[in-house]
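Colleague: I would be grateful for a close look at a single part of this model. Please describe its surroundings in one connected account.

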Amino acid sequence: MKRLNNLYYSKRIKELLAELQTAETTLVVAPMGYGKTLAVQYFLQEQERCGKKVLRQSIYGAGAEAFWQGVCHSWQNTELGAALLQQSLPADANAKTLVLELFRQLLPQEPVYWFIDDLHLLESSEVIDFLFALSKAGFADLHLLLVSRGQIFDGSRLLELGRKVFCLDKHDLALQRDELAEYSSRCGLQLTAQQLDALHEACEGWFSVTYLNFLNYDRYQRFCLDTGSVYEMIANVLLRPLPSEQQRLLLLMGQPEEFTPEQVAYAYGTSCRESVGRLLECNAFIIRLANGRLRCHHMLKQATRHAFGLLPEAEQQMYFRRLGQWYAQQKEYEEALDWLYRGRDFDGLLAAVQQLRDWSMHPQHRQHLFDWLCECPPEILWQYPQAVLIIMRRMFSLNMVPEMLQVKEWYVTALERNTALSQRERDNYYGELEVILSFLAFNSITGMSEHHRRAYKLLSGAPQTLSKQGIWTFGAPSVLGLYLRTGCSLRQTVEDMQECMPPYYLLSGWHGAGAAELTEAEALLLQGRIDEMDMPLQKAYYQAEKHGQECITICCDFLEMQRDLFRGVYSSKAEAYSRHQWQLQPWKQSMLLNTADMCAGFYYALLGKPEYIPSWLTDGNGQQPSVLYPARPCRNYISAQCLLAQGQYTELLVRWSDWEQECRPYSNFLCLLYLQVQRAAAFAGRGDVTSCRASLKQALAMAEADKLVLPLAQNIALLRPYLEQEAQGEYSAAAAAALHLGQQMEAGRGQIMSARFAEAGLQELTEQELQIAQLAAARHTNREIAQRLSLSEGTIKQYLNKIFAKLQIDAAAKNKRHRLERFFSNS
């Protein structure tokens, strides 16, 4: 009796697969048709029989978002899965840190085998970077099994993983000569030694081609050893010999990535359960999945899709339409969309869109988003204003603003033409439109507020467009960095924020709570009114913490860090941020880790401790962690301050034009001011007096009207002599105020350095340096020290410069010996 569809695993393969039980990461890499997936599935079924937990994920597209959806789906119904749903695919070091911490904290306390198939279909380096980070972390109970046609990790990464990774390739999976003989015998074929030799030489152990030859031999008593294409071989062996009905059914099975027999029967349109069953019984290229669904092997899928494309267009559209309708009936609306579009069923498509309020979108939907509405007959479009609204909302998130404005006109027309809507429904739709249009007015506080107020009057409930869980600051640590648009507008901006945020709080459920009070506190800090900012800052803290607005709390911390520099108080929050010791919880968004890095980096740049600055803020390699586009100007001026602290003046000037350009789209005036000051400081650091004076004059002109002297004061070490000159010139008031505030900051910084870093600094001194430092602290002159130690005055001066550097005493600062005296008294 022939048993051609029986799976075969040799003793050698079983022994190799047994190694997977202890491997932390297994890479199975071989061309298609070598039985990679079947071998891993066999191993996993054995683990399941032993009660082990198994997770399976298949890759069906090139997009990173689809991969992450698959990750979340794989871990669903676990605590880890719930936490991963709050994140996106980690694209930078901070995001990876957060997600790996979630794995460390929330992995089930039992062995878990996580199988990810067909990684070669991905076109995302971010996915591979994440999988490498996960492999490198090496969680004891997590066994990662990765399958691909091509290389997954390069040689250097494999070397770095070392014994953590176990690799199988096509030479491990290929059938050997004796295994081919055993396989054919188990299938019930009686082959001669010469036939086996010829088959093994032609197929080279290629499992799928061997199977196709067995089928062909069983049917025609000959092998297909000279076929030019495996796909043609599949068509000749598996497709063309079938009756017409079974041919159509097999073509339909090859269209979805996964399918059920009921789905295929529905798409075919008549009762055909027996024909479907026979196909499943006699075709080993149709694989049954753990979720109960089936899928065609890639080779069979490609062959059937080619044949399907030869059908008349009207027939193809009919099948596509039925597939889409089946998905919609199953409430799998995202899956339904593309099939309904390909089937030209716009009525069904827009009805499905209306079910997708929290639509994350598959990558292919992005390509067709505008096409759906352009190609939809107007009489259908007018019946679905809610669907048009949802599509328009997605367009904004994709920065499709021109298309979005065109769709707005269609949306209004749809509302006016739809006579079935009640006035309340119509008002709600118009209210949602106002919420969406408010984003187009970013960063005009009053402009956005006009839309918010109109939306509040029109809506009968909370808008679907806004989420309290979103990051109100877009990842920026400064509210005025986002919303101060022009010079001479600081007071007005504070007043506008205080007037406009309360209506927005009512509309959004307190999204961004504390922002109005925070804006006032930041304005006072920028003007150097340090003691006046405490009350609004505490109010901002209270509102943000009361309403769970973590992004506002981080902005409060950013102001507090800067304020405490003037008071000589070391910021424990900066230290916690730099070490990521800040209540890492599953609901934290990874973008806020990047915000925390920016806060700490800016603080340590001002403190003069560049070794504590997160490296991504200055590396400039184009792989910087993500913040949303509106927050990039804030990130840039913080990076510039960090470069100044590291003495990388040329690097700052090289990047300056790009940074300055990124401030233009949203008129980020405060960020422009910082960059102008930092440009002047970089020129000063390079000794370019003329360029420094020119840039400083521009900065003073920008700062004077609103008395925005903080950026100047924070760069006092490099700009002091130039500010002293400008204190006698056109911008004397701003320059004098900056000098006064800068002296306060230097004094506070000196206290922190003495109190916090004195002991560590003194321990770095050599015995000779320590003796000279003690004499200098006792107010001995250089000549006196030189005479006592039998050294020259020049040598003593060189020693003192080294001592000041080790003890973090600014070489340009006044009263250096007084600061040195404090070091010894504090230590």
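Modeller: The account below takes strand 4 as its subject and closes with a brief note on Gln 714. The model is a predicted one.

Strand 4 spans residues 142-148, and seven of its seven residues are buried. In a regular strand, side chains point alternately to one face of the sheet and to the other. Here both faces are covered: one side carries Leu 142, Leu 144, Leu 146 and Ser 148, the other carries His 143, Leu 145 and Val 147, and all of these residues are buried.

Strand 4 also has pairing partners. Strand 1, formed by residues 25-29, pairs with strand 4 in the parallel sense through five bridges; within this pairing, Val 28 lies opposite Val 147. Strand 3, residues 112-117, likewise runs parallel to strand 4 and is joined to it by five bridges. There, Ile 116 has Leu 146 of strand 4 as its bridge partner. Between strand 3 and strand 4 the chain passes through helix 6 (residues 125-137), and this β-α-β crossover is right-handed.

As for Gln 714, this residue sits in the loop between helix 37 (710-713) and helix 38 (716-726). Because its relative accessible area is 5%, and buried means under 20%, Gln 714 counts as buried. Its side chain makes a polar contact with the side chain of Gln 562 at 3.0 Å and another with that of Tyr 674 at 2.8 Å. Leaving aside neighbours within four places in sequence, the residues in contact with Gln 714 also include Phe 602, Leu 606, Gln 641 and Met 745.

Definitions and conventions:
Residues numbered from 1 in each chain as written. Predicted model: local features only at pLDDT ≥ 70, side-chain atom pairs only at ≥ 80, totals over all residues. Heavy atoms only, no water. Buried < 20%, exposed > 50% of the residue type's maximum accessible area, 1.4 Å probe, protein only. Helix = DSSP H or I, 4+ residues; strand = E, 2+ residues; numbered from the N terminus. Pairing = 2+ DSSP bridges. Right-handed = clockwise from strand over helix to strand, strands pointing away. Polar contact = N/O pair within 3.5 Å; in protein donor to acceptor, adjacent residues only side chain to side chain. Contact = heavy atoms within 4.5 Å.
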